[in-house]
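This briefing sets out the computed features of a single model, grouped by topic. Please read it alongside the sequence and structure shown here.

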Amino acid sequence: MENINTDVAIIGAGASGLMAGISAAIEAKRKNKCTKIVVIDHLDRVGKKILVTGNGKCNLSNKNISINNYHSNQPETVKNILNKFSYSYTINLFKSIGLETKEDSLGRVYPRSEQASAVLDLLRLKFKSLNGQEITSFKITEIKKLNSNFIITSNNKNITAKKIIIATGGLTTPTQGCNGTGYSYLKNFGHSITPTFPSLTQIKVSEKIVKSLKGMRTFCKIYITADNNLIKEEIGELQFTENGLSGICAFQLSRIVSEFSLLKTIYGNKYNKIKIFIDLIPELSNKETLNLINLRIKSNEYMILKNFLTGIINNRVGQALLKSCGFSFNKKVTDLSEKEILIIANKLKLWEFTPIGTMPFKNAQVTAGGADLSEFNKDTLESKLINGLYACGEILDVDGDCGGFNLQWAWSSGFTAGLNAAKNI
């Protein structure tokens, strides 16, 4: 069996793992130490998940980073780590390794080339330039601590390391290497894992009418309530799917639906019932919407209901809305009663849906929940239970909103863990 000795071994070579490797190697170089850093992955190449982020464009950060965009049982620790390796530090580091970036109108940051492969290629080149080593197709069978060293075992190799960083990711996109094994590694060292569930994914609803709208897109405001209390609202393009709702604004609410479906809680608080409401004319008030409907009837007395909402909202969406009201498409608009007119106006402003869950991990962008952050040092991300053990990235109980926030957490936490792991070698 081959034996490899190293100073810092990073288990998981995704975004946070590669950043941890670079950070550790930079620190070793700064201290003029001959330190060996390796990143380990069970796949045949590193960084596969990076290649699919942002639909292949890699939304690598967001100019508007705020703790309000993150969810964790330890928000102050999250804020602390994000401040240590901030947005500006991130952009400057990427620029220093050759990556030019650009921002869109919402503050989302992409490579200027719009190629996720450019991000991965430059991270690998930088790591290699610092004498970092990639070890791929390494399927771990055991990790244990023996005296002051960690022994990482596969079927044909042993890696001995003074420090290890668990950066294996969560449970999303298993085809890109995330399979949840990191949770078992941490559990074996005594760490607690909070319940995990999919986030940033499609929402499933009970209303069958969405099937007729599959693929339709519309601009709207979307609300989610719990026991009649407003929890969150988003505005943007909504896409209907065969069994629910998609698009960024739906993704931003999916964490709430997923947590409630699994635990009957939202952000840890118990609730009994959740609802989603869609406002198809968010720029108008309820009164203005009612006035618009009445004016439209007066101006288009020849119309039947089938075409009545054409020109206001997406035609098929409008027809589905009217169908959900129970109206006949052949009804003349002039035959609508005041009550029926009010029903249409109200539904345009608050079309109700009942969420029943989300799509599974394989369809989600990020895992919510994970390793309890309270068990890690708030400044270094070193385990409070096991000296020399660190964790970073999605495996920790930290998840962000859609828009580059999760990759920023990967960069910030990876840099912090790598820097501190290499400090006392």
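What percentage of the 425 residues in the protein chain is buried? Buried residues account for 56% of the 425, where buried means under 20% relative accessible area with a 1.4 Å probe, protein chains only. The model is predicted, so local features need pLDDT of at least 70 and side-chain atom pairs count only at pLDDT 80 or more, whereas totals for chains, interfaces and linings use all residues. Residues are numbered from 1 along each chain as its sequence is written, and side-chain values use heavy atoms, with hydrogens and water left out.

**Fold and extent**
- The protein chain contains 11 helices and 23 strands, defined as DSSP runs of H or I with at least four residues and of E with at least two, respectively.
- The C-alpha trace spans about 85 × 40 × 35 Å along its principal axes.
- Of the contacts (heavy atoms within 4.5 Å) with a separation of 6 or more, 74% join residues 24 or more positions apart.

**Surface and charge**
- The exposed area of the protein chain is about 18800 Å², and carbon and sulfur atoms supply 47% of it; the areas come from the Shrake-Rupley method with a 1.4 Å probe.
- There are 53 positive and 36 negative side chains, and the centres of the two sets lie 3 Å apart. Lys and Arg count as positive and Asp and Glu as negative, without His and the chain ends; each charge is placed at NZ of Lys, CZ of Arg, CG of Asp or CD of Glu.

**Cysteines**
- The count of disulfides, taken as pairs of cysteine sulfur atoms within 2.5 Å, is zero.
- Cys249 forms no such bond because the closest cysteine sulfur, in Cys220, is 4.7 Å from its own sulfur.
- Cys249 counts as buried at 2% relative accessibility, and Cys392 counts as buried at 0%.

Terms used:
Buried < 20%, exposed > 50% of the residue type's maximum accessible area, 1.4 Å probe, protein only.
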